[in-house]
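Dear colleague,

Here is the structure I promised to send over. Please open it first, then read my notes below.

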Amino acid sequence: MAIRTIRIMGDEILEKKCREVKEMTPRIQELIRDMLDTMYEAGGVGLAAPQVGVLKRIVVIDTDGTAHVLINPEIIEQSGSQTGQEGCLSLPGKCGMVTRPNKVRVRAFDENMEPFELEGEALLARAICHECEHLDGVMYVEHVEGDLMDVESDLEEE
C-alpha cells in the first residue's frame, strides 16, 4: 500500500490537461493501486491522477463499496439535474453548492485496457463529472453557486 501526496488547489499541475493512456504498464498498474489506497485513506469517493501529480487520464471512484477505475474516460450522455454540496480532496475543509447532471454515461477503459461503459446516477454521476473535469484542469470551484463553505463534520468529501 502506497499513499501518495494529494496536490492542493494552487498547485499548477491541477490546472493542466492530462494525456491519454496508450497502454497498460506496470507503472500505471501501480499508480492505480496507489490512487485507490490514497482515496480510501483520505476518506474520499473519487480521485484523479493529477491530484497525485500524474498527468494521465485516469480516475478512481467508489461511492458505494464498488471501486471503479476509468482510463481515458469520456462522458457520452447526461440528463437531469441535481444541486448539492460538493467537496474535493484537493481543497480540504471546504465545500460548495454545485449543479451537475443527475445521470451520466461514461465510456472508458478498465485496468486491462478493455473498453466499457458505466452509467451513474446521483452521487456516482456527480463523482464521474467531478473527476473527469480534473483531467482537463478544471476544479469544482469554477461551478460553485455562491460562496465556498467550511465542511460540516457529516459531509463526505469527493
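What share of the 158 residues of the chain counts as buried? The answer is 46%. Keep in mind that this is a predicted model.

Overall fold first. The chain has 2 helices and 8 strands. From start to end, the order is α-β-β-β-β-β-β-β-α-β. Along the principal axes, the C-alpha atoms fill a box of roughly 40 × 35 × 30 Å. The radius of gyration is 14 Å, which agrees with the value near 15 Å for a compact globule of 158 residues. Take the contacts between residues at least 6 apart in sequence: 68% of them join residues at least 24 apart. The accessible surface comes to about 7900 Å². Carbon and sulfur atoms account for 44% of that surface.

Next, the hairpin. Strand E6 covers residues 103-109, and strand E7 covers residues 115-121. The two pair in the antiparallel sense, over 7 bridges. Val106 stands opposite Leu118 in E7. Between E6 and E7 lie 5 residues. Met113 is in this turn and has a positive phi of about 60 degrees.

Then look at Arg126. This residue sits in helix H2, which spans residues 122-134. Is Arg126 buried or exposed? It counts as buried, because its relative accessibility is 4%, below the 20% cut-off. What does its side chain meet there? One partner is the side chain of Glu86, in a polar contact at 2.5 Å. Another is the backbone oxygen of Val98, which lies 3.2 Å from a polar atom of the Arg126 side chain.

Ser90 is also worth a look. Its place is the loop between strand E4 (82-87) and strand E5 (94-100). Ser90 counts as buried, since its relative accessibility is 0%. A polar atom of its side chain lies 2.7 Å from the backbone oxygen of Arg7. Leaving aside residues up to four places away in sequence, Ser90 touches Ile6, Arg7, Ile8, Met9, Leu14, Gln51 and Met139.

Ile6 turns up again at Ala42. With residues up to four places away in sequence left out, Ala42 touches Ile6 and Leu89. Ala42 is in helix H1, residues 26-42. It is partly exposed, because its relative accessible area is 37%. For a sense of distance, try Ala42 and Glu114. They are 72 residues apart along the chain, and their C-alpha atoms are separated by 28 Å.

Last, the cysteines. How many disulfides does a search of the whole structure find? It finds 0. Why is Cys18 not bonded to Cys132? Cys132 holds the closest cysteine sulfur, but that sulfur is 11 Å from the one in Cys18, so the two are too far apart for a bond. Cys95 gives a similar picture. Its closest cysteine sulfur is in Cys88, 12 Å away, which is too far for a bond. Cys18 counts as buried at 6% relative accessibility. Cys95 is buried too, with a relative accessible area of 0%.

Best wishes

Methods. Residues are numbered from 1 along each chain as its sequence is written. This is a predicted model: local features need pLDDT of at least 70, side-chain atom pairs count only at pLDDT 80 or more; totals for chains, interfaces and linings use all residues. Side-chain values use heavy atoms; hydrogens and water are left out. Two strands pair if DSSP finds at least two bridges between them. Helices (H or I, at least four residues) and strands (E, at least two) are DSSP runs, numbered from the N terminus. Buried means under 20% relative accessible area, exposed over 50%, partly exposed in between (1.4 Å probe, protein chains only). A polar contact is a pair of N or O atoms within 3.5 Å; within protein, one must be able to donate a hydrogen and the other to accept it, and residues adjacent in sequence count only if both atoms are side-chain atoms. The radius of gyration is taken over C-alpha atoms; the globule rule is 2.2 Å times the number of residues to the power 0.38. Contact means heavy atoms within 4.5 Å. Accessible areas come from the Shrake-Rupley method with a 1.4 Å probe; for residues, only the protein chains shown count as cover. A disulfide is a pair of cysteine sulfur atoms within 2.5 Å.
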